[in-house]
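Please open the model in your viewer and keep the sequence panel beside it, so that each selection can be followed in both. The tour goes from one selection to the next and says what is there.

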Amino acid sequence: LAFGVGRWTAGDDFDARLSVPMNATEHAPGATALIRVGERDASRNWMLELDVSGLPELPPDGYYVLWLAKDGEYAATCGTFSVGEGETTVRMTVSYRLSDYDAWVITAHSQDDEDPPWLLRAGI
């Protein structure tokens with residue numbers, strides 16, 4: 001009962017330590033995104049909140065992936081998400097040491113594309 005009451009009365013505020021705007025690539029020129037990095041949770045995972053809009057429409061089996069990259073290569077996935085019309089906000093957690101990577105990247109995944117292009121990018 002205490003958990004339920006606490007969950008019900010808790011606000012949806014996200015306390016960001018760092019905000020990282022992402023830059024659109026030529027593959028998604030109208031897209032925008034902002035990654036907010038919060039505190040570590042009780043399990044030592046970084047809390048993330050991603051606001052994204054303007055991504056291209058995907059086939060029904062498609063989804064987007066937020067990656068960490070190193071030296072221009074995919075290195076670790078942060079999570080997958082779908083988008084609706086307008087702005088979409090997604091919360092994720094990751095356990096990685098962020099300083100081991102040099103970029104955040106968003107790509108689209110579908111069965112038709114084995115090497116998806118980077119749609120949005122930001123340095124870490």
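**A tour of the salt bridges**

Begin by selecting Arg36 and Asp51 in this predicted model: Arg36 is buried, and Asp51 is buried as well. Show their side chains, and you will find that Arg36 and Asp51 meet in a salt bridge, with 2.6 Å from N to O. Arg36 belongs to strand β2 (residues 32-40) while Asp51 belongs to strand β3, so this pair ties together parts that are 15 residues apart in sequence.

Next, keep Arg36 on display and add Glu49, whose place is in strand β3 (residues 46-53). Is Glu49 buried or exposed? Its relative accessible area is 8%, and because buried means under 20%, Glu49 counts as buried. The side chains of Glu49 and Arg36 are joined by a polar contact of 2.6 Å.

Now add Arg91 to the selection and look at the side of Glu49 that faces this second arginine, where a polar contact of 2.6 Å joins the two side chains. Arg91 and Glu49 also form a salt bridge, in which the closest N and O atoms are 2.6 Å apart. Since Arg91 lies in strand β6 (residues 88-94) and Glu49 in strand β3, the pair ties together parts that are 42 residues apart in sequence. Unlike the buried Glu49, Arg91 is partly exposed, with a relative accessible area of 45%.

With these four residues on screen, which of them are linked in a network of salt bridges? The network links Arg36, Glu49, Asp51 and Arg91. In general, side chains of opposite charge can pair when their charged atoms come close.

To see what else surrounds Glu49, colour the residues it is in contact with, leaving aside its neighbours within four places in sequence: these are Phe14, Leu34, Ile35, Arg36, Thr89, Val90 and Arg91. Arg36 and Arg91, already on display, are therefore joined in this list by residues such as Phe14 and Leu34.

Finally, leave this group and select Asp100 together with Arg97, whose side chains meet in a salt bridge of 3.2 Å from N to O. Here Asp100 is partly exposed, with a relative accessible area of 35%, whereas Arg97 is exposed, with a relative accessible area of 54%. How many salt bridges does the structure hold? It holds 5 salt bridges, and those visited on this tour include the pairs Arg36 with Asp51, Arg91 with Glu49 and Asp100 with Arg97.

How values were computed. Residues numbered from 1 in each chain as written. Predicted model: local features only at pLDDT ≥ 70, side-chain atom pairs only at ≥ 80, totals over all residues. Heavy atoms only, no water. Helix = DSSP H or I, 4+ residues; strand = E, 2+ residues; numbered from the N terminus. Buried < 20%, exposed > 50% of the residue type's maximum accessible area, 1.4 Å probe, protein only. Polar contact = N/O pair within 3.5 Å; in protein donor to acceptor, adjacent residues only side chain to side chain. Contact = heavy atoms within 4.5 Å.
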